[in-house]
Amino acid sequence: MPIVIAALILLIVVILIRNIRVVQQAKAYVIERLGAYKETWNVGMHFKIPFIERIAKVVTLKEQVADFPPQPVITKDNVTMQIDTVVYFQITDPKLYTYGIEQPMVAIENLAATTLRNIIGDLELDQCLTSRDIINTKMRAILDEATDPWGIKVNRVELKNILPPKEIQNAMEKQMKAERERREAILRAEGEKRAAILEAEGEKESAILRADAKKQQQILEAEGQAEAILKVQTATAEGIRLINEAAPTDAVIRIKALESFAAAANGQATKIIIPSEIQGLAGLASGVVEAAREK
């Protein structure tokens, strides 16, 4: 009998221990009592009544990612594309998530597919390729509103891939190649134009500098010639002044004239015109020489 009692006590202790639960961070336990919702356990130690209460669902409160396979959609201009979406969501109400809908992930996938078809159906191909942010925002708003009764908050929706038909892809590649070639030709033409402009500007500046240098040279030469003439005239004037100050006689003046005539007749001139004064002076000189010989 004592053994039976001890075994019974041990069994009760084991049952009590097994009904102690520690809820971890970022998790929640949904508890049912006799098949009905009782409460939601958050972080900490909890105890459930054996055989009466049970853990209906363990819910994670972390943000989760659902990557859905590509869905065929048709654009406004009748182009069929394959688009796969990624949905970032978080469970905010474990009770609603547990009892709100059966298979919530399947529901979100189908809702995302139908929402995507509705949005893409109002857009053309080019708009779909260039308006990802608009599509993402619209889908997030619609999905968040639809999943609110399920205790789910949709934080973000991203279009992972947009795959047009092969023919459209080839046409787009050719278009992009032509656009790149056009830009290359424009850049090359602009470069050549800029080079020609720079070359012309260089030649212009070089011509201006050469003309300015020639002008400066001519100015300096003219200034040099003017200075030389001025110095010659100054020297001549100074010589005349000195002669005037010396008050020379007629004989000296005639001798100086004769010296000037000798300098002029140095063999360089082909015709010499002799002034009358010099002729008289020459005759006077000849007479003086004859008189000296007679003596």
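This is a short talk on one protein structure, taken region by region.

The model is predicted, so to speak of a local feature I need pLDDT of at least 70, side-chain atom pairs count only at pLDDT 80 or more, and totals for chains, interfaces and linings use all residues. Residues are numbered from 1 along each chain as its sequence is written, and side-chain values use heavy atoms, with hydrogens and water left out.

Confidence comes first. pLDDT is the predictor's confidence in each residue, from 0 to 100. The protein averages 81, and 82% of the residues score at least 70. Among the elements, strand β2 (residues 27-33) has the highest mean pLDDT, 92, and helix α8 (residues 276-294) the lowest, 50. Where pLDDT is low, the predicted coordinates should not be read in detail. Helices (H or I, at least four residues) and strands (E, at least two) are DSSP runs, numbered from the N terminus.

Next, the hairpin of β7 and β8, which has five residues between the strands. N78, in the turn, has a positive phi of about 65°. Strands β7 (residues 71-74) and β8 (residues 80-91) run antiparallel and are joined by four bridges; two strands pair if DSSP finds at least two bridges between them. Q71 stands opposite I83 in β8. Which residues of β7 are buried? Q71 and V73 are, pointing to one face, while P72 and I74 point to the other and are not. Buried means under 20% relative accessible area, exposed over 50%, and partly exposed in between, with a 1.4 Å probe and protein chains only.

Two loop residues have a positive phi without being glycine: L34, at about 55°, and F51, at about 65°. L34 is in the loop between β2 and β3 (36-41), and F51 in the one between β4 (44-47) and β5 (53-60). L34 is exposed at 70% relative accessibility, and F51 is exposed at 76%.

T115 is in helix α3 (residues 104-120). Is T115 buried or exposed? T115 is buried, because its relative accessible area is 5%. Leaving out residues up to four places away in sequence, T115 touches M139, I142 and L143, where contact means heavy atoms within 4.5 Å.

Last, helix α1. L16 is found in this helix. L16 counts as partly exposed, because its relative accessible area is 38%.
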